[in-house]
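Please work through the following exercises with the sequence and the model at hand. Each task is followed by a solution in steps.

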Amino acid sequence: MLLLICYFSTQFSAYTVANTHNTFETSGCVQAPGDYTPIITYLRQQHISYALATAWVGNPITFVTNQQILVTEPRARVPAYSQKVLHAAHYALLLLVHQDQSKPAIVQALQQQHWRYTLKRFPTVPGWELMVVITPDHHVSPTDPAFRQALTQIYNRCDA
């Protein structure tokens with residue numbers, strides 16, 4: 001009985017001091033945002049319900065929005081999510097980039113293809129930003145040779 005009291009007391013004290021703003025902060029990807037509120041707000045303003053991103057970024061957004069915005073990797077743990085996003089009429093890209101990088105590889109690839117796009121950056125941690133890319137006329141396919149290398153470089157940012 002004493003063991004149960006100690007256990008529940010510990011759990012309760014951890015719960016009372018928990019900070020909801022840093023719930024999704026991770027030591028696995030220090031570049032990822034701690035607060036997804038402005039990103040979610042922007043995606044909703046742009047009527048984006050689907051996006052591709054690394055799981056470090058996508059899972060918290062999908063969870064917080066109760067799957068109203070489904071963000072996943074091209075080869076996700078849940079293949080149905082990837083298929084849903086890749087077959088959506090419209091989806092965005094959420095990519096981690098260095099703050100001083102004015103023209104990341106994906107932007108260069110879009111310009112080489114002469115595609116229209118909108119871009120918005122959200123600061124995450126010093127030196128890093130989350131970049132939201134929306135291409136209204138085309139899908140940026142992870143398997144398209146024109147974009148594969150640019151996306152691979154950016155999706156692997158949390159592994160660096």
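**Exercise 1: a surface patch**

Ile5 is placed in helix H1, which spans residues 2-17; helices (H or I, at least four residues) and strands (E, at least two) are DSSP runs numbered from the N terminus. The model is predicted, so local features require pLDDT of at least 70 and side-chain atom pairs pLDDT 80 or more, whereas totals for chains, interfaces and linings use all residues. Residues are numbered from 1 along each chain as its sequence is written, and side-chain values use heavy atoms, without hydrogens and water.

Task: State how exposed Ile5 is.

Solution: The relative accessible area of Ile5 is 47%. Buried means under 20%, exposed over 50%, and partly exposed in between (1.4 Å probe, protein chains only). Ile5 is therefore partly exposed.

**Exercise 2: a hairpin**

Task: Describe how strands E4 and E5 are joined.

Solution: Strand E4 (residues 118-123) runs antiparallel to strand E5 (residues 128-134), with six bridges between them; pairing requires at least two DSSP bridges. Across the pair, Lys120 faces Val132 in E5. Four residues separate the strands of this hairpin, and Gly127 in the turn has a positive phi of about 90°.

**Exercise 3: an aromatic pair**

Task: Classify the pair of Trp115 and Phe147.

Solution: The structure holds two aromatic pairs. In one of them, Trp115 and Phe147 lie 4.9 Å centre to centre with 45° between the planes, a tilted arrangement. Rings of Phe, Tyr and Trp (its six-membered ring) pair with centres within 6.5 Å; planes under 30 degrees apart are stacked, over 60 edge-to-face, the rest tilted. Trp115 is in the loop between helix H5 (105-112) and E4, and Phe147 in helix H6 (residues 145-155), so the pair ties together parts 32 residues apart in sequence. Trp115 is buried at 15% relative accessible area, and Phe147 is buried at 0%.
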